[in-house]
Amino acid sequence: MGLAEKFEKEKLIMGVIFHDREIFDRAMEALTEKFGKCDFATEEFSFTELFSDYYDEEIGGEAFRRIFSFEELVDPERQAEIKTYTNQLELEFSKNGKRLINLDPGFISHGRLMLPTTKKTGFRVPLKDGIYTELTLFWARGGWQKFPWTYRDYQSQLVQNFLTKVRHRYLEQRKIAENLI
């Protein structure tokens with residue numbers, strides 16, 4: 001029989017889709033207050049031009065995308081709690097029932113990227129409080145591998161290059177933590 005152990009902490013990332021930069025700045029202020037300093041970030045790019053206009057109407061114009069990683073590692077057991085918090089932030093920044101910003105937390109370990117969500121479907125695993133998680137990418141053969149359900153932006157080289165950089169930093173942090181024990 002195997003013995004249950006504490007989960008190893010993982011790297012928290014945050015995907016942000018926005019149009020209004022003032023709302024973006026306010027949301028980032030709230031996120032860094034809650035989760036600490038960011039250590040890496042993508043450049044801003046047009047989600048609309050590169051991937052889809054899916055968010056344009058709701059957020060009030062062309063959708064821009066940035067992804068951040070946070071310095072401090074977090075327990076993956078917090079996925080539901082963190083997704084609930086980002087949902088509440090989205091609600092705070094909404095207007096007339098429309099989200100003006102989309103906040104998607106993710107968790108990177110040495111071998112995978114998990115994205116918590118409220119959307120229920122066959123390949124998502126229930127966590128708690130109406131929050132599910134999905135295995136979005138996995139690391140094998142020296143790179144990120146996708147699934148049929150992996151979002152287009154997470155399949156892109158642009159995003160995967162960023163995730164690789166974050167994964168590398170995570171592995172460094174993990175090694176440092178192991179040496180402290």
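A salt bridge, as I use the term today, is a side-chain nitrogen of Lys or Arg within 4 Å of a carboxyl oxygen of Asp or Glu. Before I go on, please keep in mind that this is a predicted model, in which local features need pLDDT of at least 70 and side-chain atom pairs count only at pLDDT 80 or more, while totals for chains, interfaces and linings use all residues. Residues are numbered from 1 along each chain as its sequence is written, and side-chain values use heavy atoms, with hydrogens and water left out.

Let me start with the pair Asp-104 and Lys-83, which form a salt bridge whose closest N and O atoms are 3.2 Å apart. Asp-104 belongs to strand E5 and Lys-83 to helix H4, so this pair ties together parts that lie 21 residues apart in sequence; helices (H or I, at least four residues) and strands (E, at least two) are DSSP runs, numbered from the N terminus. Lys-83 is buried, because its relative accessible area is 6%, and here buried means under 20%, exposed over 50%, and partly exposed in between, with a 1.4 Å probe and protein chains only.

In the whole structure, the search finds 13 salt bridges. One of them joins the side chains of Arg-174 and Glu-8, at 2.6 Å from N to O, and since Arg-174 lies in helix H6 (residues 157–180) and Glu-8 in the segment before E1, the pair ties together parts 166 residues apart in sequence. Glu-8, at 38% relative accessibility, counts as partly exposed. Another links Lys-37 and Glu-71, with 3.9 Å from N to O; Lys-37 sits in the loop between H1 and strand E2 (38–41) and Glu-71 in strand E4, 34 residues apart. Lys-37 is exposed at 57%, whereas Glu-71 is partly exposed at 36%. There is also a network of salt bridges, which links Glu-58, Glu-90 and Arg-99.

The segment before E1 also holds Phe-7, which is exposed, with a relative accessible area of 51%. Phe-7 and Asp-75 are 68 residues apart in sequence, yet their C-alpha atoms are 6.7 Å apart in space.

Now to the interior. In soluble globular proteins, nonpolar side chains tend to be buried together. A nonpolar core, for our purposes, is a set of buried Ala, Val, Leu, Ile, Met, Phe, Trp, Tyr and Cys residues joined through side-chain atoms within 4.5 Å. The largest one here has 24 residues, and those with the most contacts inside it are Val-16, Leu-31, Phe-35 and Ile-101. Strand E1 (10–18), H1, strand E4 (64–74), H4 and E5 each give two or more residues to this core, and H1 provides the largest share, seven residues.

Helix H1 (residues 21–35) is also where we find Asp-25, which is partly exposed at 48%. Asp-25 gathers with Asp-20, Glu-22, Glu-29 and Glu-33 in a patch of negative charge on the surface; such patches are made of residues with over 30% relative accessible area and no salt bridge, like charges being joined within 9 Å.

I will finish with the backbone. Asn-96 is not a glycine, and nevertheless has a positive phi of about 55 degrees; Asn-96 is in the loop between helix H4 (79–92) and strand E5 (101–108), and is exposed at 75%. Arg-141, also not a glycine, has a positive phi of about 55 degrees, lies in the loop between strand E8 (131–140) and strand E9 (143–146), and counts as exposed at 73% relative accessibility.

Terms used:
Patch = residues over 30% accessible without salt bridge, like charges linked within 9 Å, V, L, I, M, F, W, Y side chains within 5 Å. Areas by Shrake-Rupley, 256 points an atom, 1.4 Å probe, with all protein chains shown as cover. Lys, Arg positive; Asp, Glu negative; His and termini not counted. Charge placed at Lys NZ, Arg CZ, Asp CG, Glu CD.
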